[in-house]
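User: I'm new to protein structures and would love a close look at just one strand in the middle of a fold. Could you pick one, walk me through its surroundings, and explain the terms as you go?

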Amino acid sequence: MAWSASQYAKFEDERTRPARDLLAQVPLQSIGRAVDLGCGPGNSTELIIERYGAEGVSGLDSDTNMLAAARKRLPGTDFVEADLGSWRPAEPADLLFANAVFQWLPDHLDIFDRLMDGLSEGGVLAVQMPDNLGEPSHLAMEETAHAGPWRTAFEGKSVRRKGLPAPSAYYSRLIAKAARVDIWHTIYNHPMADAAAIVEWVKGTGLMPYLAQAGEEHREAFLADYLKQVEKAYPKMSDGRVLLRFPRIFMVVVKG
């Protein structure tokens with residue numbers, strides 16, 4: 001599945017806010033080496049550089065389109081193509097930072113365990129993931145997938161990503177190698193211009209697997225049906241806009 005940096009950037013302010021909130025809780029005054037895991041177009045990498053300086057900061061992603069955007073944005077920063085499912089730091093890092101990437105990897109608890117071994121003593125694993133599968137925006141994807149002429153493409157082929165484990169599962173797994181594990185949820189409420197803006201948002205993330213599975217011949221009809229579902233689920237507010245409720249889970253883990 002190919003990602004689109006330009007589609008992602010349409011809501012960059014909203015997407016960057018959780019990264020900014022996560023970084024604010026990282027208890028490191030300085031760093032020798034930091035890696036932005038799943039760096040996307042470099043917006044989160046830029047935050048790390050603004051706080052700690054560019055030296056020792058790098059980013060990695062598996063998508064060439066995202067990496068091209070990141071390199072254009074931060075030409076002096078090292079960005080590498082890598083698969084987070086198997087990647088290991090070449091040398092101990094002080095900060096491993098991941099904004100909205102590990103929700104796509106069902107085995108990320110195992111990956112976190114491995115990443116903890118790649119931290120220096122006192123180093124930090126900082127992670128943020130959307131926890132929104134129960135929101136109308138995502139439930140409507142499933143309803144649309146099984147309601148149109150494209151439904152045969154989804155029979156026995158769920159593209160819905162796996163739900164996140166409970167906070168207790170993260171804590172229990174991470175505390176064995178940690179001096180501190182801090183886990184919290186934040187629910188953002190984003191004012192959006194209209195229901196169509198919500199569709200544009202998720203076209204760059206959660207809706208992509210559904211559109212790919214439905215097939216290019218059904219793309220526009222699928223989007224039209226999905227928009228109708230979203231319009232029902234998100235009524236207009238007094239100023240004509242709609243409010244997108246968006247829960248996210250955060251964790252800051254300090255290596256013992």
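Analyst: Here is a walk that begins with one strand, β2, and then moves outward to other spots.

Some ground rules come before the tour. This is a predicted model, so local features need pLDDT of at least 70 and side-chain atom pairs count only at pLDDT 80 or more, while totals for chains, interfaces and linings use all residues. Residues are numbered from 1 along each chain as its sequence is written, and side-chain values use heavy atoms, with hydrogens and water left out.

Let's place the strand in the whole first. The protein's secondary structure comes to 10 helices and 7 strands; these are DSSP runs, numbered from the N terminus, with helices being H or I of at least four residues and strands being E of at least two. Along its principal axes, the C-alpha trace spans about 55 × 40 × 40 Å. The radius of gyration is 19 Å, which agrees with the value near 18 Å for a compact globule of 256 residues. That radius is taken over C-alpha atoms, and the globule rule is 2.2 Å times the number of residues to the power 0.38.

Now for β2 itself, which covers residues 57-61. Are its residues buried or exposed? 5 of the 5 are buried, so the strand is largely enclosed by the rest of the structure. (Buried means under 20% relative accessible area, exposed means over 50%, and partly exposed is in between, using a 1.4 Å probe and protein chains only.) V57, G59 and D61 point one way from β2, S58 and L60 point the other way, and all are buried. For the protein as a whole, buried residues make up 51% of the 256.

Who are the strand's neighbours? Strand β1 (residues 34-37) pairs with β2 in the parallel sense over 4 bridges; two strands pair if DSSP finds at least two bridges between them. Here A34 has V57 in β2 as its bridge partner. Strand β3 (residues 78-81) also pairs with β2 in the parallel sense, over 4 bridges. In β3, S58 is partnered by D78, and G59 is partnered by F79.

How does the chain get from one strand to the next? Helix α3 (residues 43-52) makes a right-handed β-α-β unit with β1 and β2. From β2, the chain crosses through helix α4 (residues 64-73) to β3, again as a right-handed β-α-β crossover. Right-handed here means that, with the strands pointing away from the viewer, the path from the first strand over the helix to the second runs clockwise.

T64 is found in helix α4, and at 53% relative accessibility it counts as exposed. T64 and A82 are 18 residues apart in sequence, and their C-alpha atoms are 10.0 Å apart in space.

Further along, A100 sits in the loop between β4 (93-99) and α5 (108-117). This residue has a positive phi of about 55° although it is not a glycine, and at 25% relative accessibility A100 counts as partly exposed.

Let's finish with the rings. The structure holds 7 aromatic pairs. Rings of Phe, Tyr and Trp (its six-membered ring) pair if their centres lie within 6.5 Å, and planes under 30 degrees apart are called stacked, over 60 edge-to-face, and the rest tilted. One of the pairs, W150 and F222, is tilted, with 5.2 Å centre to centre and 55° between the planes. W150 lies in the loop between α6 (136-145) and α7 (167-174), F222 lies in helix α10 (residues 219-233), and the two are 72 residues apart. Both W150 and F222 are buried.

W184 and F250 are stacked, at 5.2 Å centre to centre with 5° between the planes. W184 is in strand β6 (residues 178-192) and F250 in strand β7 (residues 242-255), so this pair ties together parts 66 residues apart in sequence. F250 is buried, with a relative accessible area of 0%.

Such links across the sequence fit a broader count: among contacts between residues at least 6 apart in sequence, 77% join residues at least 24 apart, where contact means heavy atoms within 4.5 Å.
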